[in-house]
Amino acid sequence: MKKLRWAMDGSFWELDMSTAMTADGLARPVPGDPIPLGVSRGTRLSRAKQMHFMQRFMFLPFVPSYSSASHGVALHRSLTIPFSQNWFGTLLGQFNFQKFMSSVTGSGEKPNSVSSWLQTIGRHLQNHSLYALGFSSELMLTPDDTLLLSLDSYTFGDNKKPRKKAILHHKFPNHNLTVEAVSPGLFVDKSGNYWDVPLSLAIDMASLASDSGASYHLCMHHNTGSPTQFQGDDHQTIHGPPATLLPGFSIKGAFSFKQNFDFWRSKAPKLKLVQPYDLFLSNPHISASGIIGAALTASVGDCSVRSQDNSQESNGFSFQASGVKSALLADLFASVSFTAQHGNYQRLFLDLTRFHARLDFPSGSRFVAGATQVAQNLLNSQRPSLEDIQTICPNASLSLQQQIAGPFLLRVDSGVIVDLDNQDWPIRVHDPVFALEYSMQVLGSAKAVAWYSPKHREFMVELRFFET
């Protein structure tokens, strides 16, 4: 999971995924049919702000990352340049430490003195392929408008394309607006493959998130040029790029209703004069939530052509006009989650254990069709087929947090896949992520997170605010 987005509202409002593949540390999920919408933003700091915070307040001279498919072990450093009170720029630097060590040890040189060692190291440090540079500028146009411009120039590895990005954020009283232009845009599909789209334009309008009640989302995408697999990605695929990344224009909309249920919430008094390490994790409880909604996608261009595999993911209403390359897709979706927490996260040891499980039903029509077929087979005293049972199986994800000592937590997030065709292992773990969290008590609800994904072989250190 190159995204470190903890499970909250199901997989429908997909947020930007965290990745060590690029300097800005972000990739967008490939839009689905009709969900996920694929544009939503999380409540997170930009990569430049994160590194500035860690350098200034956590006294980290360098921020490490690892990506086996791109650059191996790299060290990051930022330099913030304030132009005015509402405008600042940031220089981002990456140093390919793994390549540097390989060049030094593989050169065969055997210096016999300290000065010769320093000369050897200095000569290898002059290799420009060890470095990557990026620049970002953030300008507050008004109290409600922020413009972000960034340019990443890669000099090491196989990636030679500079990545340019412009993002405008506007805050309305009850919803947010995001306008984005990226060239090339970096996307990641369900299999973990990265794709570059030559030019990607997007407009995202979303109501503010709430614990309960109705919400809506509206997205517009326009892709130009043929997508290619990201040059630093060693996960080669025999299939072509996802259909939703092909050139064309699409409009996606979704409306949902969420309801929370508290089965139990502790009323026991907390320790006096002891602030919890994280205010959002200080109330023991057992709760559940449910989401139900509908989504609609209208597309024109090559992106409207759906492969046979994609068409099987949803049995909802669909209409395609091949003559003008246009399509209309609509479906229902639902999600159910369960959370249990023990401990107030105030004591030094083992004062927090938190478990979260979520079941997603991305296609309501497909689920209803499968459930109907299974019910008919049972009523007719027939054995349901594995394919029908597989159809009604939801997408499951689990999360477990455990305090080790003080502000340190261990965390494991993973998906769970049910594959009934595999008689030996019908249930398997999918894309687990292991993380060590450090809660910054003085900020109320903030944490530094170091996470590793075994499947994608990526490691990052990030800052997270107001997330559980």
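In this tour, a residue is called buried when its relative accessible area is under 20%. Keep that cut-off in mind for R411 and D413, which are both buried. The model in your viewer is a predicted one.

**The whole chain**

Start with everything selected and coloured by secondary structure. The protein chain has six helices and 24 strands. Of its 468 residues, 46% count as buried. Among contacts with a separation of 6 or more, 60% link residues 24 or more positions apart. Now switch on the surface: the chain exposes about 23200 Å², and carbon and sulfur atoms supply 65% of that area.

**First stop: a sheet of five strands**

Select β1, β2, β10, β11 and β14. These strands form an open sheet in the order β1-β2-β10-β11-β14, with mixed pairing. At its edges are β1 (17–18) and β14 (228–229), each of which pairs on one side only.

Zoom in on β10, residues 185–188. Strand β2 (residues 26–29) runs parallel to β10 and is joined to it by two bridges. Show P29 and you will find V188 of β10 opposite. Strand β11 (residues 194–197) pairs with β10 in the antiparallel sense, over four bridges. Here G185 has V197 in β11 as its bridge partner.

Follow the chain from β10 into β11. The two strands form a hairpin with five residues between them, and G192 in the turn has a positive phi of about 90 degrees.

Which residues of β10 are buried on each side? Select G185 and F187 for one side, then L186 and V188 for the other; all are buried, and both faces of β10 are covered. The general pattern to look for is that side chains in a regular strand alternate between the two faces of the sheet.

Before leaving, step back to P184, in the loop between β9 (175–183) and β10. The peptide bond from S183 to P184 is cis, with omega near -10 degrees.

**Second stop: two positive phi angles**

Select L350, in the loop between β18 (326–342) and β19 (353–361). L350 is not a glycine, yet its phi is positive, about 50 degrees. Next, pick D431 in strand β22 (residues 427–439). D431 is also a residue other than glycine, and its phi is near 55 degrees.

Are these two residues buried or exposed? L350 is exposed, with a relative accessible area of 59%, while D431 counts as buried at 17%.

**Third stop: a nonpolar patch**

Bring the surface back and select F261, F263, W264, F338, F355, L398 and L400. Together they form a nonpolar patch with about 690 Å² of accessible area. The elements giving two or more residues to the patch are β15 (248–265) and β20 (395–405). With three residues, β15 provides the largest share. For a single member, click on L400, which lies in strand β20 and is partly exposed, at 43% relative accessible area.

**Fourth stop: a buried serine**

Select S282, in the loop between β15 and β16 (285–301). S282 counts as buried because its relative accessibility is 3%, under the cut-off of 20%. What does the side chain of S282 reach? The answer is the backbone oxygen of L279, at 2.8 Å. Leaving aside residues up to four places away in sequence, S282 touches K270, P276, Q341 and N344.

**Last stop: salt bridges**

Side chains of opposite charge can pair when their charged atoms come close. The whole structure holds 13 salt bridges, and a few are worth a visit.

- R265 and D262 meet in a salt bridge, 3.1 Å from N to O. R265 is partly exposed, at 37% relative accessible area.
- R411 and D413 form a salt bridge whose closest N and O atoms are 3.0 Å apart. This is the buried pair from the start of the tour.
- D419 and R428 form a salt bridge with the closest N and O atoms 3.5 Å apart. D419 is partly exposed, at 22%, and R428 is partly exposed too, at 40%.

To finish, select R411, D413, E437 and K447: salt bridges that share partners join these residues into one network.

Note on methods. Residues are numbered from 1 along each chain as its sequence is written. This is a predicted model: local features need pLDDT of at least 70, side-chain atom pairs count only at pLDDT 80 or more; totals for chains, interfaces and linings use all residues. Side-chain values use heavy atoms; hydrogens and water are left out. Buried means under 20% relative accessible area, exposed over 50%, partly exposed in between (1.4 Å probe, protein chains only). Contact means heavy atoms within 4.5 Å. Accessible areas come from the Shrake-Rupley method with a 1.4 Å probe; for residues, only the protein chains shown count as cover. Two strands pair if DSSP finds at least two bridges between them. Patches are made of residues with over 30% relative accessible area and no salt bridge: like charges are joined within 9 Å, nonpolar side chains (Val, Leu, Ile, Met, Phe, Trp, Tyr) within 5 Å. A salt bridge is a side-chain nitrogen of Lys or Arg within 4 Å of a carboxyl oxygen of Asp or Glu. A polar contact is a pair of N or O atoms within 3.5 Å; within protein, one must be able to donate a hydrogen and the other to accept it, and residues adjacent in sequence count only if both atoms are side-chain atoms.
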